[in-house]
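Here is a short briefing on one protein model. Look at the sequence and the structure first, then read on by topic.

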Amino acid sequence: MTLPRTASVVIVGGGVVGCSIAYHLAGRGVRDVVVLERETVGSGTTSKAAGGIRAQFPTETEIRFSLEAIKVFERFEDEFGVDPGYKKIGYLFLVADPADLRGFEPRLALQRGLGVDVRVISPEEAKKLVPALRVDDLVAAVWGPGDGLAGPAEVTNGFARRARERGVKIVEGVRVTAIAREGDRVTGVATPDGALSAPLVINAAGPSAAAVGRLAGVEIAVHPRRRHIFFTEPFPEIPGPIPLTTDRASGFYFRKEMEQVLLSPGDVEDIGTDFEVPVDRAKIEEAVTKAVHRVPVLEHATIAGGWAGLRPLTPDDHAILGWAPGVAGFFWIVNGAPSMDLSLFDPGRFARGRAKAHDEGPDAE
Ligand SMILES: Cc1cc2nc3c(=O)[nH]c(=O)nc-3n(C[C@H](O)[C@H](O)[C@H](O)COP(=O)(O)OP(=O)(O)OC[C@H]3O[C@@H](n4cnc5c(N)ncnc54)[C@H](O)[C@@H]3O)c2cc1C
């Protein structure tokens with residue numbers, strides 16, 4: 001597709017976030033929406049995700065966001081005409097430290113108050129859910145049966161397809177190399193294929209969000225951190241489905257993917273990049289050691305492959321959503337105001353010293 005010369009809105013990045021924004025904007029009647037993706041739709045960090053979907057978050061804003069998102073997954077096939085592979089397999093957090101369990105308590109109360117089914121269960125009950133677990137060193141587990149997973153590619157392609165049907169232009173293979181400004185106002189973007197003028201530019205560049213922000217002279221506190229996922233040869237010794245199960249003490253998590261087991265060491269590493277993500281083979285050993293401790297039968301499994309991706313983390317672990325500070329037109333709001341309080345996600349919170357400290361709850365997926 002050739003690059004249009006003008007747009008009402010340019011979205012930088014065709015991952016799950018950019019495609020969802022495009023679909024929803026077009027649904028709200030916004031015309032001439034253009035998504036610019038430097039590679040192909042969904043090929044960024046979206047293609048590396050474990051697909052987990054949870055309402056087990058620490059703040060009211062995030063829990064409400066997730067509950068709204070879960071409604072979209074529940075009706076996804078009707079709305080988008082594709083099966084997203086959505087399954088409520090549940091999230092299970094295994095807890096070995098009583099202090100850690102106490103750390104869960106405020107968020108569990110908040111989640112329950114908002115209607116989330118989340119329970120503290122005994123190690124024996126956890127073993128009933130996942131018989132392969134070693135539980136003799138656990139004090140409890142936190143079980144959210146309403147959590148689940150969906151296929152990142154299926155969901156992203158569903159958004160992209162319906163967005164196109166609504167008139168959105170999604171242009172692949174085009175990298176945004178500059179963001180044009182007149183004074184404090186954004187006026188468009190530049191690419192190697194030419195310039196595109198637009199009064200609104202949305203930064204949906206995932207792990208590259210900070211780099212794209214700098215093109216407009218804006219500091220965005222997205223800090224990409226590498227995480228690995230490995231998968232086994234078919235392993236019927238652990239029959240599925242099982243919950244997405246996280247060992248809080250080590251960060252290790254696993255779930256079934258068809259006949260295989262997906263497992264991650266739960267690593268969080270700054271490798272100084274927002275694009276290239278090499279696999280560190282030493283992480284296989286780390287993942288296997290953690291896995292065999294928690295799920296001894298995995299000693300008999302064979303690792304068949306794996307990948308690494310960048311998680312677009314922020315210093316307080318909350319999303320960044322809102323107008324870029326000091327630049328008009330870098331983001332958007334159709335109605336002039338959001339329909340719920342989004343101050344938790346305010347992009348200016350770090351510069352103003354108003355970011356809340358990262359809580360001690362689970363660093364999932
Ligand atoms: C190992 C791993 C497991 C994960 N598991 C989960 C999970 O279970 N559940 C969960 O919710 N999340 C999970 N995540 C996080 C999740 O993958 C991301 O939060 C999500 O995919 C971000 O989507 P995005 O659209 O913002 O980013 P991306 O998918 O990276 O999309 C951004 C796009 O912008 C493009 N782009 C960047 N710069 C430019 C430019 N200058 N011009 C044009 N295009 C540009 C990129 O090519 C990319 O396609 C996981 C991440 C990793 C790495």
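Helix α1 lies across three strands, β1, β2 (33-37) and β12. Its direction is about 160° to that of β1. The model is a predicted one. The points below start with the sheet under discussion, then turn to helix packing, a second sheet, a pocket and some backbone details.

**The parallel sheet**

- The sheet is open and has 4 strands, in the order β8-β2-β1-β12.
- Its pairing is parallel.
- β8 (169-172) and β12 (200-203) are the edge strands, and each of them pairs on one side only.
- On average, neighbouring strands of this sheet are turned by 20° against each other, direction ignored.
- Strand β1 (residues 9-12) pairs with β12 over 4 bridges, in the parallel sense.
- Within β12, Leu200 is the residue that stands opposite Val9.

**Helix α1 against helix α6**

- Two packed helices are described by the angle between their axes and the distance between the axes.
- For α1 (residues 16-27) and α6, the axes come within 8 Å.
- These axes cross at roughly 30°.
- The crossing of α1 past α6 is left-handed.
- On the α1 side, the contact is made by Val16, Cys19, Ser20, Ala22, Tyr23 and His24.
- On the α6 side, Val155, Thr156, Phe159, Ala160, Arg162 and Ala163 meet them.
- Sorted by class, this contact of α1 with α6 has 8 nonpolar, 3 polar and 1 charged residues.

**The antiparallel sheet**

- Another open sheet has 3 strands, ordered β9-β10-β11.
- Here the pairing is antiparallel.
- Its edge strands are β9 (178-182) and β11 (194-197), each pairing on one side only.
- Neighbouring strands of this sheet are turned by 30° against each other on average, direction ignored.
- β9 and strand β10 (residues 185-191) run antiparallel and are joined by 5 bridges.
- One bridge pairs Glu182 with Arg185, the latter in β10.

**The second largest pocket**

- The volume of the second largest pocket is about 610 Å³.
- It is lined by 29 residues, and the closest to its centre are Lys87, Leu149, Arg255, Glu257 and Met258.
- By class, the lining has 15 nonpolar, 9 polar and 5 charged residues.
- Three elements each supply at least two lining residues: α6 (152-165), β15 (253-257) and β16 (260-264).
- Which element gives the most to this lining? Helix α6 does, with 5 residues.
- α6 thus appears in two places: it meets α1, and it contributes to the pocket lining.

**Backbone details**

- The peptide bond between Gly240 and Pro241 is cis, with omega about -5°.
- Pro241 sits in the loop between β13 (223-232) and β14 (244-247).
- Asp32 is not a glycine, yet its phi is positive, at about 55°.
- Asp32 is found in the loop between α1 and β2.
- Asp317, also a residue other than glycine, has a positive phi near 70°.
- Where is Asp317 placed? Asp317 belongs to the segment after β17 (303-313).

Conventions: Residues numbered from 1 in each chain as written. Predicted model: local features only at pLDDT ≥ 70, side-chain atom pairs only at ≥ 80, totals over all residues. Heavy atoms only, no water. 1 Å grid on protein atoms, 1.4 Å probe; cavity = no way out; pocket = protein on both sides within 12 Å on 5 of 7 lines; lining within 4 Å. Points joined across faces, edges and corners; volume = space filled by probe spheres on them. Nonpolar A, V, L, I, M, F, W, Y, C, P; charged D, E, K, R; others polar. Axes fitted to C-alpha atoms, helices over the stretch in contact; angles between N-to-C directions. Left-handed = near helix turned anticlockwise from the far one by under 90°. Contact = heavy atoms within 4.5 Å. Pairing = 2+ DSSP bridges.
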